[in-house]
Amino acid sequence: MEFHTLQTASSLNLIPLEAGLLHHSKLSENTSSQNILNMLTSLMHSLPTTEILDNALVSIRGLWNRNQETTRHGGYVRLEKEKRKTLVLDMDETLIHSKLQEDPDSPAPLKINVPFDNTDCIYYVYDRPHVYDFLATVAQWYDLVIFTASISDYADPVIDWLENEVRARYPSTEPVIKARYYRQHCTYYNGIYTKDLSQIEYDLRDVALLDNSEFSFLINPENAIPIRSWTHDDDQDPALQDLLAFLNALSHVEDVRSVLGLRLNQECL
């Protein structure tokens with residue numbers, strides 16, 4: 001549960017995993033990463049606002065599946081990354097959801113006490129489906145940063161838990177989360193907390209923000225990756241898993257805004 005009450009202004013309606021480019025007539029075994037990105041850009045230019053990211057995901061998901069299957073055999077589809085970018089992740093309703101009351105039929109994997117007005121508030125924290133696989137995978141392509149509008153007394157135990165769970169499942173000597181930003185790092189604007197990404201990465205060509213709240217994108221809208229809010233309402237939620245193909249491709253563009261900014265261009269039409 002985020003300490004503020006902002007709700008997302010829009011959401012993604014993602015398309016089933018079996019959709020993809022496996023049968024796309026323009027693809028061949030020697031399709032280059034640049035061709036894939038050109039096709040992605042073309043799709044995002046041509047589709048209505050509400051379908052832009054959905055169809056971008058569909059357009060590269062099949063390639064992602066083929067790459068995963070063939071790369072260990074010296075496969076023909078490889079997206080070679082030249083420069084590591086930063087992926088900034090919101091926490092509540094994006095990676096996890098927490099409540100003040102535990103679901104009787106669903107024990108919370110994490111319980112934390114947070115002091116508030118001389119009392120202890122107990123939060124019951126639930127992990128979004130596929131969150132550990134998601135973090136372990138995207139950490140191979142990006143430097144990961146958590147940026148939450150919550151206070152550190154609440155956020156740090158949650159982030160520590162996510163970090164430990166990922167490293168337990170995927171042993172590594174490297175930390176998964178490289179940095180943490182909290183409410184005090186947010187910009188308070190017209191009664192809401194928004195996020196200025198220039199605090200994290202001066203060069204905005206190399207940073208993207210994944211967040212369920214459109215208000216978080218007010219300062220850097222061209223760096224936004226919206227995701228539907230998750231409130232422990234779907235134990236099969238595919239949203240994080242479905243973003244992997246898109247994030248893999250995005251990690252190779254020279255300027256993330258050249259892709260993510262197209263969403264804004266469509267909204268102005």
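How much area does the protein chain expose, and what share of it do carbon and sulfur atoms supply? The exposed area is about 13000 Å², and carbon and sulfur atoms supply 47% of it. The structure is a predicted model.

**Overall fold**

The protein chain holds eight helices and 10 strands. It has 269 residues, of which 51% count as buried. Contacts with a separation of 6 or more were also sorted by distance along the sequence. Residues 24 or more positions apart account for 74% of them.

**Helix α4 and the cores**

Helix α4 covers residues 152-169. At 1.5 Å a residue, its 18 residues should span 26 Å. The end C-alpha atoms are 25 Å apart, which agrees. The buried residues of α4 are Y154, A155, V158, I159, W161, L162, E163 and V166. An α-helix has 3.6 residues a turn, so residues three or four places apart point the same way. The buried residues of α4 pack against five strands and a helix, listed here with their ranges: β2 (96-99), β3 (110-116), β4 (119-127), β5 (142-147), β6 (177-181) and α3 (131-138).

The largest nonpolar core has 46 residues. Within this core, F134, V158, I225, L247 and L250 touch the most other members. Helix α4 gives the most to this core, with seven residues. Beyond its neighbours within four places in sequence, V158 is in contact with M91, I96, L110, I112 and V125. A second, separate core has 13 residues, including F147, C186, L204 and L209.

**L209 in strand β9**

L209 lies in strand β9. Is L209 buried or exposed? Its relative accessibility is 2%, so L209 counts as buried. Outside its neighbours within four places in sequence, L209 is in contact with V88, D90, K195, L197, S216, F217, N223, A224 and I225. L209 and E222 are 13 residues apart along the chain, and their C-alpha atoms are separated by 9.5 Å.

**Salt bridges**

The salt bridge count comes to 16. Three of these pairs are tabulated with their closest N to O distances.

| Pair | N to O distance |
|---|---|
| K99 and D103 | 2.9 Å |
| K178 and E174 | 3.7 Å |
| K195 and D211 | 2.8 Å |

K195 lies in the loop between β8 (192-194) and β9, and D211 lies in strand β9, so this pair ties together parts that are 16 residues apart in sequence. K195 is buried, at 2% relative accessibility. D211 is buried too, with a relative accessible area of 1%. D90 joins K195 and D211 in a network of salt bridges. D90 and K195 also appear among the contacts of L209.

The other two pairs have their own settings. K99 has a relative accessible area of 19% and is buried, because the cut-off is under 20%. K178 is partly exposed, with a relative accessible area of 41%. Its partner E174 is partly exposed as well, at 47%.

**A nonpolar surface patch**

Which residues form a nonpolar patch on the surface? They are Y189, F215, L218 and I219, with about 350 Å² of accessible area together. F215 lies in the loop between β9 (207-211) and β10 (224-226). At 30% relative accessibility, F215 counts as partly exposed.

Terms used: Residues are numbered from 1 along each chain as its sequence is written. This is a predicted model: local features need pLDDT of at least 70, side-chain atom pairs count only at pLDDT 80 or more; totals for chains, interfaces and linings use all residues. Side-chain values use heavy atoms; hydrogens and water are left out. Patches are made of residues with over 30% relative accessible area and no salt bridge: like charges are joined within 9 Å, nonpolar side chains (Val, Leu, Ile, Met, Phe, Trp, Tyr) within 5 Å. Accessible areas come from the Shrake-Rupley method with a 1.4 Å probe; for residues, only the protein chains shown count as cover. A salt bridge is a side-chain nitrogen of Lys or Arg within 4 Å of a carboxyl oxygen of Asp or Glu. Helices (H or I, at least four residues) and strands (E, at least two) are DSSP runs, numbered from the N terminus. Buried means under 20% relative accessible area, exposed over 50%, partly exposed in between (1.4 Å probe, protein chains only). Contact means heavy atoms within 4.5 Å. The expected span of a helix is 1.5 Å times one less than its number of residues. A nonpolar core is a set of buried Ala, Val, Leu, Ile, Met, Phe, Trp, Tyr and Cys residues joined through side-chain atoms within 4.5 Å.
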